[in-house]
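Q: Please take me on a close-up tour of one part of this model, starting with its main pocket and then moving on to whatever connects with it. I'm new to this, so keep it relaxed.

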Amino acid sequence: MIMLLLYTNPAYKRATCTDGKLFRYKYRESSHNLPVLTEREMETKSTSPCSGSSSLQFCTFLLIISLLLLSKVQESSAAAIATTRTSRTAYINFLKTACNSTTYPKLCYVSLSPYASTIKTNDLKLCNTALNITLKVARNTYKLFKTMSRQKALSKTEVGVIKDCQEEVGDSIDELKQALKALKILNANDKNVEFQIADIKTWVSAALTDENTCTDGFDGLKIGSALKKQISKIISNFASFTSNALALINKLDQ
């Protein structure tokens, strides 16, 4: 619906429509002194900048420029996506190749692949990530043994075995921390770089030894077979991460 708003004018009556068009009406006075519309002259006053021929050319030019800019943006976006995909593929291939040199390649890839974009193709970042993941596993293992040792159904001997394992894992945590500390200050341009890498290997190897010491203590002790199997499984999982980290570190000086 179009509404007309009438305004008094000595010569004309103007009506403004709600659609923005302006109309002008000639009128005559009726016997009741009321304005009566006798003729309508529409004066459409366009507010568009493209109403004239020169303005139309200018608007056409702007449209062409806008389309060209949009095309360039789309091309840039497509190129960025392609580059990202290419980089991601390179990172994954690097990770797969590195993990194939470990004792447990599937575990290696599954645990490290979420960090592929951080690791990229950097050996130091790869080893640093592997050690941090191993340290996290070590802390979870320590907490697990602490919880297990509080079970009331266990004998004193069994509680003692679990606490011994907890202590060994605690030592492994300290050694992994030392390995990470040494890795952070590793400088490939340092003339003593081989010594630094050897130091890191020593710390990680010590952590792996302490883990295995836990299960070695089973011999000659009266502990339930179910508990023995549970402890062995926990330690085996922890040792797998540590072994993989050590294998990746061994590649640093190759």
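A: First, a bit of vocabulary: a pocket here is an open set of grid points with protein on both sides within 12 Å along at least five of seven lines. Keep in mind that what you're looking at is a predicted model.

With that in hand, the largest pocket comes out at a volume of about 190 Å³. Who lines it? Helix H4, running over residues 123-148, gives the most, with seven residues. Sorted by class, the lining has five polar, four nonpolar and two charged residues. Among the names to look for are Tyr 115, Lys 125, Asn 128, Lys 136 and Phe 241.

Ser 111 is on that lining list too, and it makes a handy stepping stone to helix H2, which covers residues 105-112. The buried residues of H2 are Cys 108, Ser 111 and Leu 112. Those three sit on the same side of the helix because they cover an arc of only 85° around its axis. Now spin H2 around: on the other side, Lys 106 and Val 110 are exposed.

Let's stay with Cys 108, one of those buried residues of H2. A disulfide is a covalent bond between the sulfur atoms of two cysteines. Here, Cys 108 is joined in that way to Cys 99, with 2.1 Å from S to S. Both ends of this link are buried. The angle about the S-S bond of Cys 99 and Cys 108 is -70°, and the link is left-handed.

Cys 108 also turns up when you ask about Cys 127. What keeps Cys 127 from bonding to another cysteine? The closest cysteine sulfur is the one in Cys 108, but it lies 10.0 Å away, so that's too far for a bond. For scale, two cysteine sulfurs count as a disulfide within 2.5 Å. Cys 127 is buried as well, with a relative accessible area of 1%.

For contrast, have a look at another link, since the structure holds two disulfides. Cys 165 is joined to Cys 214, with an S to S distance of 1.7 Å. This pair links distant parts of the chain: Cys 165 is in helix H5 (residues 156-184) and Cys 214 in helix H6 (residues 193-216), 49 residues apart. Cys 165 and Cys 214 are both buried. With 80° about the S-S bond, the link of Cys 165 and Cys 214 is right-handed, while the link of Cys 99 and Cys 108 is left-handed.

Key:
Residues numbered from 1 in each chain as written. Predicted model: local features only at pLDDT ≥ 70, side-chain atom pairs only at ≥ 80, totals over all residues. Heavy atoms only, no water. 1 Å grid on protein atoms, 1.4 Å probe; cavity = no way out; pocket = protein on both sides within 12 Å on 5 of 7 lines; lining within 4 Å. Points joined across faces, edges and corners; volume = space filled by probe spheres on them. Helix = DSSP H or I, 4+ residues; strand = E, 2+ residues; numbered from the N terminus. Nonpolar A, V, L, I, M, F, W, Y, C, P; charged D, E, K, R; others polar. Buried < 20%, exposed > 50% of the residue type's maximum accessible area, 1.4 Å probe, protein only. Arc of directions from axis to C-beta.
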